[in-house]
Amino acid sequence: MTHALNIVWNPSEGIDLGFFVVRFYSLMFVIAFGLGWYIMKHIFERENIAIDKLDSLFVWTVLATLIGARLGHVFFYDWEYYRNNLAEIILPFRLSPKFQFTGYQGLASHGAAISIIVAMYFFSKKVLNKPILWILDRVVIPVASGAIFVRLGNFFNSEIVGKETTSSFGIRFVRDQFSPREAVNATQLSTPKEAYNAIATNPQYANLLEQVPAKHPAQLYEAFCYIFVFAILFFLYWKTDTRKKSGYLFGLFLVLLFTVRIVVESVKESQGGFESELGNVLSTGQWLSIPFIIIGLYFIIRAKKTEEI
């Protein structure tokens, strides 16, 4: 359904199998990790690394991604809340003021990046017996591909949306505008699913739809840019000798991915964090991206100098 040139976005939560709903957000994570395993399998085969070590790498990477992303959100974006609700950092529900299942709301890519780097350090020492930069230069390729699907998952969830816009790129995120309770109260329908569908498609609730502003689909912008980040890293590894420059692909990944993050953050709604304490000059995500870019440039320059020697 469209309004002017703006799409009304109100997807189902997932694929209903009758006895179970496969949520699109979870499905995107499964695809991301599955594709990552496939890519690393071919890299290990090319480098004559025992495939049995790939299973360990998969487990280390999955745990590092989920734990790091969760802790990143807690400490970078919402510490004021979690400092008084420490149990909710690891529990998918809250007990006060009443019991409510919340799931793990909030994952931060900067936290995932730090956690993956730390995990790869221990993996390289304890399992792979190779320098940490060897594995980092290679694991960033599937990580870049995974970032594409994570942002698509955010799009399906109508989260991390952009600022309001009058451009033809604008999308009306119904679920971002109305919480489940607000949608039910406004429509007087029995379930959030029915309420959201009514707001999006039923002319009777056109007045509610008019309250939904068009916003930049920042998740799609980011996912689209990450396709090129992945393609560049993939090409350099498979078609050139760049992989022999220790740290170069890792550094390039940091520079490209977090430059994209800084640019796209300019059209995103604020995700909170410490940005207000720094005068709202940049968003929290932009501030966090700057150190990664500097570190990336260091490894690129270092790799070039090593190559010259």
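In this predicted model, K215 forms a salt bridge with D176, and the closest N and O atoms of the two are 2.8 Å apart. The pair links distant parts of the chain, since K215 belongs to strand 8 (residues 214–215) while D176 belongs to helix 6 (residues 174–177), 39 residues apart. K215 counts as buried because its relative accessible area is 6%, which is under the 20% cut-off, whereas D176, with a relative accessible area of 29%, is partly exposed.

**Other salt bridges**

- The count of salt bridges in this model comes to 10, and the pairs described below are among them.
- The side chains of E222 and K268 meet in a salt bridge, with a distance of 2.9 Å from N to O. E222 lies in helix 10 (residues 218–239) and K268 in the loop between helix 11 (248–265) and helix 12 (284–308), so this pair ties together parts of the chain that are 46 residues apart in sequence.
- Both E222 and K268 are buried, and salt bridges that share partners join these two residues with R151, R261 and E265 into one network.
- R83 forms a salt bridge with E80, where the closest N and O atoms are 3.2 Å apart. R83 counts as partly exposed at 43% relative accessibility, while E80 is exposed, because its relative accessible area of 55% is over the 50% cut-off.

**A buried glutamine in helix 10**

- Q219 has its place in helix 10, and with a relative accessible area of 0% this residue is buried.
- The side chain of Q219 reaches the backbone oxygen of E159 at a distance of 2.9 Å.
- If its neighbours within four places in sequence are left aside, Q219 is in contact with R151, N154, F155, S158, E159, I160, V161 and F173. E159 therefore appears both in this list of contacts and as the residue whose backbone oxygen the side chain of Q219 reaches, and R151 from the same list also belongs to the salt-bridge network.

**A nonpolar patch on the surface**

- A nonpolar surface patch of about 990 Å² is made by L35, W37, Y38, F58, V59, L63, I67, L71, F75, W79 and L86.
- The elements that give two or more residues to this patch are helix 1 (24–46) and helix 2 (52–77), and the largest share, 6 residues, comes from helix 2.
- F75 is one of the patch residues and is found in helix 2; at 46% relative accessibility, F75 counts as partly exposed.

**The chain as a whole**

- The protein chain contains 12 helices and 8 strands. Its radius of gyration is 21 Å, close to the 19 Å that the globule rule gives for 309 residues, so the chain is as compact as a globular protein of that length.
- Along its principal axes, the C-alpha trace of the protein chain spans about 70 × 40 × 40 Å.
- Buried residues make up 45% of the 309 residues in the protein chain, and the accessible surface of the chain comes to about 16300 Å², of which 63% belongs to carbon and sulfur atoms.
- Among the contacts in the protein chain with a separation of 6 or more, 70% are between residues that are 24 or more positions apart.

Methods: Residues are numbered from 1 along each chain as its sequence is written. This is a predicted model: local features need pLDDT of at least 70, side-chain atom pairs count only at pLDDT 80 or more; totals for chains, interfaces and linings use all residues. Side-chain values use heavy atoms; hydrogens and water are left out. Patches are made of residues with over 30% relative accessible area and no salt bridge: like charges are joined within 9 Å, nonpolar side chains (Val, Leu, Ile, Met, Phe, Trp, Tyr) within 5 Å. Accessible areas come from the Shrake-Rupley method with a 1.4 Å probe; for residues, only the protein chains shown count as cover. A salt bridge is a side-chain nitrogen of Lys or Arg within 4 Å of a carboxyl oxygen of Asp or Glu. Helices (H or I, at least four residues) and strands (E, at least two) are DSSP runs, numbered from the N terminus. Buried means under 20% relative accessible area, exposed over 50%, partly exposed in between (1.4 Å probe, protein chains only). The radius of gyration is taken over C-alpha atoms; the globule rule is 2.2 Å times the number of residues to the power 0.38. Contact means heavy atoms within 4.5 Å. A polar contact is a pair of N or O atoms within 3.5 Å; within protein, one must be able to donate a hydrogen and the other to accept it, and residues adjacent in sequence count only if both atoms are side-chain atoms.
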